[in-house]
Amino acid sequence: MSQSTDQFTAPAGEISARDRLVISLLLVSAFVVILNETIMGVALPRLMEDLQITATAGQWLTTAFMLTMAVVIPITGFLIQRFNTRPVFLAAMSLFSLGTLVSAMAPGFEMLLVGRVIQASGTAIMMPLLMTTVMTLVPPSSRGKTMGNISIVISVAPAIGPTISGIILSVLDWRWMFWLVLPIAVASLVLGGSRIQNVTTPHRAPIDVLSVILSAFAFGGIIYGLSQFGEAAGGSAVPGWAPLAVGLVGLAGFVSRQLVLQRRDRALLDLRTFRSRTFTVSILVLSISMMALFGTIILLPIYLQDVLGLEPAQAGLMLLPGGLAMGLLGPVVGRIFDRHGPRVLVVPGAVIVAAVFWSLTLVSESTPVPLVLALHVLLSVGLAGMFTPLFTSALGSVQPKLYSHASAVVGTVQQLAGAAGIALFVSVMAIQSGALAAGGASEIPALAGGIRMAFLCGAVIFLFAVVAALFVRKPAAPAETGSPAVPAASPEPAASPAHDDDAPSFTSAH
């Protein structure tokens, strides 16, 4: 297994020109695919009108995107180990381009949803590929800075998504959100196909079909169940607890299956990554943060347009300053992390986000627009202080041979939490709005009341993130301990110091 071990050993020196080019091309492509994860937020009211769908149905255009990613991302651990960098990249961008074309040509809601699922399949491959490549090529001493630079792309793209869609919707049909992205996606595909080079050595890796099926039932059931609680307000025939129960049973089966397979290094998603306390705590805080981020991205455009009466372009521009602030803070946060570790960033960031959420529980139909803008900027600043340290601490706290699995776990949990956040926030909004309307409230006050209740739910949940943030630590990287990451010839990989001082030995697993 020396080949697979060498594949994930980070160099001790600076990044070479070839590796820097590969990372740059992956970043450009990641920007394009991440852009489409939030592009539907501002468009939701227009789509509800044009396609004659409800808010709970329309949110599936974003939820299904992230749900597909949560189901597909575990498979990417297998793909990254089994194939070279270039073919995996080509598969990701080809799927994304095809999905964009299908969405642009969609005659109605059903085909648009299919296009979004195909888009998400490509995005699901791209993100773990980027993260694993960075962890493989970048020395531990400068990972915080590199992750900070990556956060510029990861943060600005979601911010520009609603802004671009708002501007497009002010002058063009919603299909142009995809027609304008398509040539950019194809250009990224062609450029990457001609310039990107292989930076990993593939090795034979099995795939467990039963694990794939169980993951689909688990993540699909959980998210569909959450969404059905919102549909229940409109008289849905399917009770929310039924698919949720199926999802929880599927999740139990999936976890049990991985625990058995990882004894022979055949797990689809190797859960030994959770033996690191830093990884587990970072994942917990990251999950709650993603629920907050994506729930807010969905709710704020609805609030700004349907309660405060802003146009789609105005609502999109309202979200831009916060995203730009998050992106500009990325390099600064990365440098602070490299010098002082995660706590000085994650704890204040969590406190700021929690304070913003409690403030958002007071919004109404008469809340000044500048106040909403200021709260969103503060929310973005708080999240900026959290994401880079959490990503870097989580991925850096596992053994190098588990980088691809750690990237897949991070991506799966990130998307599942985001999808759960959207489903939860929209469901709470729909239930509370329906209850207020049934009690005699008019449409706009009822909607404002539903949005307040959704933000209250988010504020309560985020209190757990504030407490967990106190336990996030900076992992001790191999380069800092003076020993190799995982010696290729070593019969006991765990004999070298673990990445996380809380991580137990892996010797028994081998």
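Contact, as I use the word here, means heavy atoms within 4.5 Å. With that settled, a few remarks on this structure, which is a predicted model.

I start with Gly316. This glycine lies in helix α14, residues 312–340. Leaving aside neighbours within four places in sequence, Gly316 is in contact with Val42, Pro162 and Thr163. Is Gly316 buried or exposed? Its relative accessibility is 0%, so Gly316 counts as buried. There is also a long-range pairing to point out: Gly316 and Ile164 are 152 residues apart in sequence, but 7.1 Å apart in space, C-alpha to C-alpha.

Val42 comes up again with Gln305. Gln305 sits in helix α13, which covers residues 277–307. Setting aside residues up to four places away in sequence, Gln305 touches Val42, Pro45, Leu310, Glu311, Pro312 and Ala315. Val42 is thus a contact of Gln305 and also of Gly316. The relative accessibility of Gln305 is 11%; the cut-off for buried is under 20%, and therefore Gln305 counts as buried.

Now the chain as a whole. How many helices and strands does the protein chain have? It has 19 helices and 0 strands. There are 510 residues, and 59% of them count as buried. If we take contacts between residues at least 6 apart in sequence, 83% join residues at least 24 apart. The accessible surface comes to about 18600 Å², and 68% of that belongs to carbon and sulfur atoms.

Next, two helix pairs. The earlier pair in the numbering is α6, residues 85–105, with α7, residues 109–137. They pack at an angle of about 160 degrees, with their axes 7 Å apart. Angles over 145 degrees count as roughly antiparallel, so α6 is roughly antiparallel to α7. The crossing of these two helices is left-handed. On the α6 side, the residues that meet α7 include Val88, Phe89, Ala92, Phe96 and Gly99. On the α7 side, they include Met111, Gly115, Ile118, Gly122 and Met126. By class, the contact of α6 with α7 has 14 nonpolar, 9 polar and 1 charged residues. Arg116 of α7 is among the residues in that contact.

The loop between α6 and α7 holds Gly108. Gly108 has 15% relative accessibility, and so counts as buried. Its C-alpha atom is separated by 9.7 Å from that of Gln52, a residue 56 places away along the chain.

The other pair is α17, residues 403–438, and α18, residues 443–469. Here the packing angle is about 140 degrees, and the axes are again 7 Å apart. How are α17 and α18 oriented to each other? The range for roughly antiparallel begins over 145 degrees, and α17 and α18 are therefore oblique. Their crossing is right-handed. From α17, the contact takes in Leu424, Phe425, Val428 and Met429, among others. From α18, its members include Pro445, Gly449, Gly450, Ile451, Phe455 and Ile461. The contact of α17 with α18 divides into 15 nonpolar, 5 polar and no charged residues.

To put the two pairs side by side: α6 with α7 is roughly antiparallel and left-handed in its crossing, while α17 with α18 is oblique and right-handed. The α6 and α7 contact has 1 charged residue, and the α17 and α18 contact has none.

That is what I have.

Conventions: Residues numbered from 1 in each chain as written. Predicted model: local features only at pLDDT ≥ 70, side-chain atom pairs only at ≥ 80, totals over all residues. Heavy atoms only, no water. Axes fitted to C-alpha atoms, helices over the stretch in contact; angles between N-to-C directions. Helix = DSSP H or I, 4+ residues; strand = E, 2+ residues; numbered from the N terminus. Parallel < 35°, antiparallel > 145°, perpendicular 65-115°, else oblique. Left-handed = near helix turned anticlockwise from the far one by under 90°. Nonpolar A, V, L, I, M, F, W, Y, C, P; charged D, E, K, R; others polar. Buried < 20%, exposed > 50% of the residue type's maximum accessible area, 1.4 Å probe, protein only. Areas by Shrake-Rupley, 256 points an atom, 1.4 Å probe, with all protein chains shown as cover.
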